[in-house]
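Visitor: I'd like a close look at a single part of this protein. Could you pick one helix and walk me through it and its surroundings?

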Amino acid sequence: MTELDSDLRAWVDAPPLVAQVRIDRKDIVRFAIATGETNPIHLDAGAARAAGFADVVAPPLFYVCLRTSVFNLVPAGELHPEGTPLRDIPPLSFTQAMAGETTAELHRPFVTGEDVTCSRRVESTFTKQGRSGTLTFLRFEYRYADADDEPIAVEHFTRIFR
Amino acid sequence: MNVTDLAPGVELPATTRTYTTVELFQFSAVGWHAHRVHFDQAYTREAEGHADLLVHGPLQAVHLVQWLLRVLGDGVTVRSVSYRHLGVLHVGVPAHIGGRVVDVHPDGTATVQLEMRRADDEQAVTTTATAVISPGPAT
């Protein structure tokens, strides 16, 4: 373990990103169509009501598109030429960024019409000496909470920079 | 297959899926995901050195979970899922989707190991996932 340099420390310690969105039926239906979903509770309000829900409900991993649709919504000038937001790139020199493990707790389905607070923070960070040099691990928490601040889904996601 | 058939070691009936460019575009679009390796073939080949467009890792995870629920007839709820991406999957390359039951717990929940791997000559695993499921629909 080595100390993080001050730029990276400041980036890691920055306040969480927070965004509030209302889940539209079309958000869920588009996700369902894009992923080839056939269960009608994700496509049709009548079928969802017949199954006991208030309206169309999202498939279990809907949050993966909610995450990017909320946090990637930056002006074009704030995107890297490769297409990802510049603010997602930590201030450190690296030649490769890799996705580590993702773990998600799925508390309940997202439901049409609800207001969701999405937040992202860096949970922990550490460096490790690998064979090819220093590896920096950043572990993020993405939390999606309802109007009562009860979690709908919580994701922990590690990115590894080499 | 029924949730009551689950026992440690039981293999789930596998399937195969081949991603199309249109699917990758739609998934990028719904997620407002502008990373060019998923839609810009020339950039992906010339700047990143890949053979073709890459299938999003999270999309593979979505399809592993979706397949699990189809196999079990939507009669279960996914409580948690962990996944790792181990290799690249290119558009147009057939992918094998399979899994097996790791454990069935006294409270009725079960741990299932899922895997997507290339079904071409490489046979490389692209995404592995572990899901914890419980009987009964989501509420």
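**Helix H4 of chain A and its surroundings**

Guide: Let's start with H4(A), which is mostly covered, since eight of its nine residues are buried. Keep in mind that you're looking at a predicted model. The buried ones are Tyr63(A), Val64(A), Cys65(A), Leu66(A), Arg67(A), Thr68(A), Val70(A) and Phe71(A).

Now take Tyr63(A) from that list. The largest nonpolar core has 70 residues, and Tyr63(A) is among those with the most contacts inside it, along with Phe110(A) and Val81(B). The largest share of this core comes from H3(B), which gives nine residues.

Phe110(A) leads us straight back to the helix. Leaving aside neighbours within four places in sequence, Phe110(A) is in contact with Tyr63(A) and Leu66(A), and both of these are buried residues of H4(A). Other contacts of Phe110(A) include Ile28(A), Val56(A), Val57(A), Phe62(A), Val116(A), Tyr144(A) and Ile152(A). There's also a second, separate core of five residues, and Ala48(A), Phe53(A), Val57(A) and Val111(A) are included in it.

So much for the packed side; what about the empty space? The largest pocket holds about 1,600 Å³ of space. It is lined by 50 residues, and the closest to its centre are Ala97(A), Met98(A), Ala99(A), Arg159(A) and His35(B). Our helix has a part here too: H4 (63-71) of chain A supplies at least two residues of this lining, as do strands S2 (97-106), S4 (133-145) and S5 (151-161) of chain A, and helix H3 (57-71) and strand S2 (76-85) of chain B. Sort the lining by class and you get 24 nonpolar, 17 polar and nine charged residues.

Next comes the second largest pocket, with a volume of about 480 Å³. Of its 29 lining residues, the closest to the centre are Ile41(A), Pro109(A), Thr77(B), Pro137(B) and Ala138(B). S5 of chain A, together with H3 and S2 of chain B, each give two or more residues to this lining, and S2(B) gives the most, with four. Here the split is 17 nonpolar, seven polar and five charged.

Last stop: the enclosed space. There is one cavity of 30 Å³ or more, with a volume of about 50 Å³. Chain A lines it with Glu37(A), Pro59(A), Pro60(A) and Leu61(A), and chain B with Val62(B), Val65(B), Gln66(B) and Leu69(B). By class, that lining has six nonpolar residues, one polar and one charged.

How values were computed. Residues numbered from 1 in each chain as written. Chains lettered and ligands numbered in written order. Predicted model: local features only at pLDDT ≥ 70, side-chain atom pairs only at ≥ 80, totals over all residues. Heavy atoms only, no water. 1 Å grid on protein atoms, 1.4 Å probe; cavity = no way out; pocket = protein on both sides within 12 Å on 5 of 7 lines; lining within 4 Å. Points joined across faces, edges and corners; volume = space filled by probe spheres on them. Nonpolar A, V, L, I, M, F, W, Y, C, P; charged D, E, K, R; others polar. Core = buried A, V, L, I, M, F, W, Y, C linked by side-chain atoms within 4.5 Å. Buried < 20%, exposed > 50% of the residue type's maximum accessible area, 1.4 Å probe, protein only. Contact = heavy atoms within 4.5 Å.
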